[in-house]
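Please look over the sequence and the model shown here before reading the notes on confidence, charge pairing and burial.

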Amino acid sequence: MAFNDRGSRGRDSGSFGAPREMHKTKCSDCGVETEVPFKPDPERPVYCRECLPKHRKPREDRY
């Protein structure tokens with residue numbers, strides 16, 4: 001078997017890279033409808049792609 005030969009296993013066999021189940025919700029910041037790859041918890045805010053960077057903590061430089 002060659003290194004890149006993966007046989008008959010494809011994306012729909014449960015392998016890495018398989019499509020995720022998406023859940024529709026509203027952004028807690030701007031109110032736009034968005035989809036997230038997890039089931040939203042009503043007690044926690046969920047942000048769209050545009051609003052998420054405003055709410056992330058800056059990463060510390062790691063050396």
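The report below takes up these topics in turn.

## Confidence in the model

This is a predicted model, and the mean pLDDT of its protein chain is 81, with 71% of the residues reaching 70 or more. Over residues 7-12, however, the pLDDT is below 50, and this stretch has 5 contacts in the model beyond its near neighbours in sequence.

## The salt bridge

The structure holds 1 salt bridge, in which the side chains of Asp29 and Lys54 meet at 3.3 Å, taken from N to O. The two residues lie 25 residues apart and link distant parts of the chain, since Asp29 sits in the loop between strand S1 (23-26) and strand S2 (33-36), while Lys54 belongs to helix H1 (residues 52-55). In general, side chains of opposite charge can pair when their charged atoms come close.

The two partners are also described by their accessibility to the surroundings: Asp29 counts as partly exposed because its relative accessibility is 38%, whereas Lys54, at 57% relative accessibility, counts as exposed.

## A buried residue in strand S1

Thr25 has its place in strand S1, and it counts as buried because its relative accessibility is 17%, which falls under the 20% cut-off for that class.

Which residues is Thr25 in contact with, leaving aside its neighbours within four places in sequence? The contacts of Thr25 on that basis are Val32, Glu33, Thr34 and Val36, together with Pro40 and Val46. Of these, Thr34 and Val36 fall within the range of strand S2 (33-36), as does Glu33.

Notes:
Residues are numbered from 1 along each chain as its sequence is written. This is a predicted model: local features need pLDDT of at least 70, side-chain atom pairs count only at pLDDT 80 or more; totals for chains, interfaces and linings use all residues. Side-chain values use heavy atoms; hydrogens and water are left out. pLDDT is the predictor's confidence in each residue, from 0 to 100. Contact means heavy atoms within 4.5 Å. A salt bridge is a side-chain nitrogen of Lys or Arg within 4 Å of a carboxyl oxygen of Asp or Glu. Helices (H or I, at least four residues) and strands (E, at least two) are DSSP runs, numbered from the N terminus. Buried means under 20% relative accessible area, exposed over 50%, partly exposed in between (1.4 Å probe, protein chains only).
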